[in-house]
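Here is a set of exercises to work through at your own pace. Try each task before you read its solution.

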Amino acid sequence: MQQGVTLDQFLETHMAQLPGDQADLRGLLADIAKACIELSDLVRRGELAGVLGAAGKENVQGEDQKKLDIIANDVFIEMTESTGRVAGLASEEMDNHYPIPEQHQRGKYLLTFDPLDGSSNIDVNGATGTIFSITEHSDTNAPSDNDFLQSGRKQVCAGYCLYSSASMLVITLGSGVAGFTLDNAKNAFVLTHPNMQVPTATNEFAINAAYSEHWQAPVKRYINECVAGKAGPIGKSFNMRWAGSMVGDIHRILCRGGIFMYPLDERMIKDGKQGKLRLLYEANPMGMLIEQAGGMAHTGLVSIMDIEPDNLHQRVPVIMGSTEEVERVVAYHQSST
Ligand code: AHG
Ligand code: MN
Ligand code: MN
């Protein structure tokens with residue numbers, strides 16, 4: 001591998017091969033990287049930076065907001081609203097999309113993001129992240145919420161930044177997945193994982209097993225078979241991980257394989273919910289990364305990336321990762337319908 005290639009250098013080379021004028025997308029990715037570096041610094045300093053704890057407010061989904069959820073949202077707005085590269089922003093922490101203020105020029109991209117993923121890990125110094133998805137705005141008018149409702153297949157770029165023992169930015173522009181590690185000495189992301197691939201086979205699953213009493217039959221069957229080990233129908237011993245942050249779990253899967261599940265369960269159905277994770281800023285960007293790395297992203301019934309969204313904060317069941325295991329869980333869903 002070429003040593004010391006920065007994100008900027010990588011984008012310059014990579015984007016020269018893409019059709020059309022990519023300058024704004026390249027600039028937007030550089031802006032996102034800057035926002036992530038600022039957040040990485042705040043997360044690293046934690047209590048010293050005064051960013052831990054609750055904000056004392058709820059978001060539109062009725063979830064308690066942490067200080068860092070709001071700070072992260074603000075950092076992304078500040079870093080992008082005046083660049084002329086985005087037409088509008090939407091995030092987990094805003095009820096509706098954020099229009100670009102009149103005094104600034106609008107660009108052609110829609111940026112949808114989860115400012116801080118794994119909020120429950122903030123105060124315990126666990127892994128957190130930022131997830132983002134970029135689509136194009138089809139005209140020059142100011143976008144409405146509806147313009148953000150594009151299927152995962154329309155994403156021109158998706159990625160996340162993981163804030164953990166190292167901070168890593170992982171992106172796809174639709175031709176493979178590249179991972180960059182933050183070099184704090186250079187204040188820049190450096191290419192360290194040039195071609196991330198999800199192995200087809202795995203013996204590691206990630207699910208919050210505390211909800212097992214609420215699981216539906218296909219998920220119960222699958223996890224029972226995993227824990228049955230070598231003597232069970234799958235015929236191999238499994239390991240289990242649950243990071244409490246989708247970014248942490250998906251990053252591990254991009255590094256060494258695995259299956260991640262946040263399925264639809266009976267409790268959600270009773271509450272009129274279609275899942276826990278959000279389609280536009282969690283499932284779709286992670287789905288694109290996983291597919292681009294050779295894995296599979298599904299709800300059990302349909303491919304995540306094919307869903308036509310009907311709501312900014314729409315929730316979906318998520319089953320993604322190593323193809324062999326995702327296919328197995330999908331088959332169990334199909335045979336139970
Ligand atoms: P967020 O912090 O952005 O609301 O997302 C949290 C999500 C996801 O990152 C993680 O996989 C999952 O919620 C954890 O949920 P449980 O606490 O139910 O395990
Ligand atoms: Mn999240
Ligand atoms: Mn979040």
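## Exercise 1: The whole chain

Of the 337 residues in the chain, 56% are buried, where buried means under 20% relative accessible area, exposed over 50%, and partly exposed in between (1.4 Å probe, protein chains only). This is a predicted model, in which local features need pLDDT of at least 70 and side-chain atom pairs count only at pLDDT 80 or more, while totals for chains, interfaces and linings use all residues. Residues are numbered from 1 along each chain as its sequence is written, chains are lettered from A and ligands numbered from 1 in the order in which they are written, and side-chain values use heavy atoms, with hydrogens and water left out.

**Task.** Find out whether the radius of gyration of the chain agrees or disagrees with that of a compact globule.

**Solution.**
- Step 1: The radius of gyration is taken over C-alpha atoms, and the globule rule is 2.2 Å times the number of residues to the power 0.38.
- Step 2: For 337 residues, a compact globule would come out near 20 Å; the chain has 19 Å, so the two agree.
- Step 3: Look at the extent too: the C-alpha trace spans about 60 × 45 × 45 Å along its principal axes.
- Step 4: Count the elements: the chain has eight helices and 17 strands. Helices (H or I, at least four residues) and strands (E, at least two) are DSSP runs, numbered from the N terminus.

## Exercise 2: A helix and its span

**Task.** Compare the span of helix 2 (residues 23-45) with the expected one.

**Solution.**
- Step 1: The expected span of a helix is 1.5 Å times one less than its number of residues.
- Step 2: Helix 2 has 23 residues, and 33 Å is expected.
- Step 3: From first C-alpha to last, helix 2 reaches 33 Å, close to that expectation.
- Step 4: See what follows: G46 comes after helix 2 and has a positive phi, near 50°.

## Exercise 3: Two manganese ions

**Task.** Which residues coordinate the manganese ion (ligand 2), and which coordinate the manganese ion (ligand 3)?

**Solution.**
- Step 1: Donors are N, O and S atoms within 2.8 Å of the metal (3.2 Å for Na, K and Ca); water is not among the atoms, so sites may look incomplete.
- Step 2: D114 (OD), D117 (OD) and E282 (OE) coordinate the manganese ion (ligand 2), at 1.9 to 2.1 Å. Here D117 in strand 5 (residues 109-117) and E282 in helix 7 (residues 279-292) link distant parts of the chain, 165 residues apart. D117 and E282 are buried.
- Step 3: For the manganese ion (ligand 3), the donors are E92 (OE), D114 (OD) and L116 (O), at 2.1 to 2.2 Å. E92 sits in the loop between strand 3 (86-91) and strand 4 (98-99) and D114 in strand 5, so this pair ties together parts 22 residues apart in sequence. E92 and D114 are both buried.
- Step 4: Now join the two sites: D114 bridges ligand 2 and ligand 3, manganese ions that lie 3.7 Å apart.

## Exercise 4: Cysteines

**Task.** How many disulfides does the structure hold?

**Solution.**
- Step 1: A disulfide is a pair of cysteine sulfur atoms within 2.5 Å.
- Step 2: The structure holds zero disulfides. C161 is in none, and its nearest cysteine sulfur, that of C36, is 4.2 Å away.
- Step 3: The sulfur of C255 is 13 Å from the closest cysteine sulfur, in C161, which is too far for a bond.
- Step 4: Compare the surroundings: C161 is buried at 0% relative accessible area, whereas C255 is partly exposed at 41%.
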